[in-house]
Amino acid sequence: METANRIVAEILEGIKERVRPGVETLELNELAEEMCRRRKVQPAFKGYRGYPRSICISINEEVVHGIPGPRRLKEGDLVSLDFGVKYDGYYGDAAVTLPVGQVSDKARRLLEATEKSLYAGIAQLRVGNHVSDISHAVQTVVEEAGFSVIREFVGHGIGRSLHEDPQIPNFGPPGRGPWLQPGMTLAIEPMTAAGSWKVKILKDGWTAVTQDGSLAAHFEHSVALTENGVLILSRL
Ligand code: MF3
Ligand code: CO
């Protein structure tokens, strides 16, 4: 899991370096695939439930599962990159949102609150806590910043499959759900909106967008709870 997720982090780093106004999203997908080939790992998303590409690129009001294509990033866009691999039978999964050039103050605050909420969620990862302690911490940070958490998509266990139990919602009361235990590997992934949390799926069958057209953000790390504390696996 460490290796799989380190590779995810390296590839995301490579893609982030190419994010700039004018770059085609399909070109970023090709870069991701090329980096997978060089490292002899399998992209985790391609073919997953019929998903056609290797990375999800979601722009502005797109929340998750944007499909790379001929669209080009432009100055002021807020772009999220979500990427996973399978290495030696184990999965890695991570996501990051970044500004394309200069973005609005609101976009920057949304991005910062969402990343902060991810770390607040990770900080709840300890023996004696429940899964929903993560959920509650994420929701609290996001809502205190004046934003909302998406309800329709959740974090998840990760391991020999991309998506395993337990589900990890980004909202709800603390103290519910399974106990957190050493050996658990989880993908914690707050998805947020500047406006309402309601989403709809575009006709491509994948792209989730906010119903009100407000900006969205997404950060994700795969993490491990061990006897000796927490490892953030998908961070370089
Ligand atoms: N990172 C996403 C998740 O955690 C996976 C994208 S769904 C796929 O669920 F179909 F594109 F793979
Ligand atoms: Co995930």
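In this predicted model, a polar side-chain atom of Asp 82 lies 2.7 Å from a nitrogen atom of ligand 1. Two histidines approach oxygen atoms of the ligand: the distance from a polar side-chain atom is 2.9 Å for His 156 and 2.6 Å for His 163. These pairs count as polar contacts because the N or O atoms in each lie within 3.5 Å. Ligand 1 taken alone exposes 330 Å², and the protein buries 95% of that area.

The space that ligand 1 takes up is the largest pocket. Around the ligand, the shell comprises 5 nonpolar, 3 polar and 4 charged residues. Phe 45, Tyr 48, Tyr 51, Cys 56 and Trp 206 belong to this shell, as do His 65, His 156 and His 163. The shell also includes Asp 82, Asp 93, Glu 189 and Glu 220. Under the classes used here, aromatic Tyr and Trp count as nonpolar, together with Phe and Cys, whereas Asp and Glu count as charged.

Several of these residues also serve a metal site. The cobalt ion, ligand 2, has as protein donors Asp 93 through OD, His 156 through NE2, and Glu 189 and Glu 220 through OE. These donors lie 2.0 to 2.3 Å from the ion. Asp 93, His 156, Glu 189 and Glu 220 are likewise found among the residues around ligand 1. His 156 therefore has two roles in terms of the contact cut-offs, with a polar side-chain atom 2.9 Å from an oxygen atom of ligand 1 and NE2 as a donor to the cobalt ion.

Along the chain, the cobalt donors follow the spacing D-x62-H-x32-E-x30-E. Distant parts of the chain are linked by the pair Asp 93 and Glu 220, which are 127 residues apart. Asp 93 is in strand E5 (residues 90-99), while Glu 220 is in the loop between strand E13 (216-218) and strand E14 (221-226).

Two backbone features remain. Most residues other than glycine have a negative phi, and most peptide bonds are trans. Lys 40, which is not a glycine, has a positive phi of about 55°; this lysine is in the loop between helix H2 (25-39) and strand E1 (42-43). The peptide bond from Asp 165 to Pro 166 is cis, with omega near 0°, and Pro 166 is found in strand E8 (residues 164-168).

Methods: Residues are numbered from 1 along each chain as its sequence is written. Chains are lettered from A and ligands numbered from 1 in the order in which they are written. This is a predicted model: local features need pLDDT of at least 70, side-chain atom pairs count only at pLDDT 80 or more; totals for chains, interfaces and linings use all residues. Side-chain values use heavy atoms; hydrogens and water are left out. A residue is near a molecule or strand if one of its heavy atoms lies within 4 Å of it. A polar contact is a pair of N or O atoms within 3.5 Å; within protein, one must be able to donate a hydrogen and the other to accept it, and residues adjacent in sequence count only if both atoms are side-chain atoms. Accessible areas come from the Shrake-Rupley method with a 1.4 Å probe; for residues, only the protein chains shown count as cover. On a 1 Å grid over the protein atoms alone, a cavity is a set of points where a 1.4 Å probe fits but cannot get out, and a pocket is an open set with protein on both sides within 12 Å along at least five of seven lines; lining residues have an atom within 4 Å of a point. A molecule sits in a cavity or pocket if more than half of its atoms lie within 2 Å of its grid points. Donors are N, O and S atoms within 2.8 Å of the metal (3.2 Å for Na, K and Ca); water is not among the atoms, so sites may look incomplete. Helices (H or I, at least four residues) and strands (E, at least two) are DSSP runs, numbered from the N terminus.
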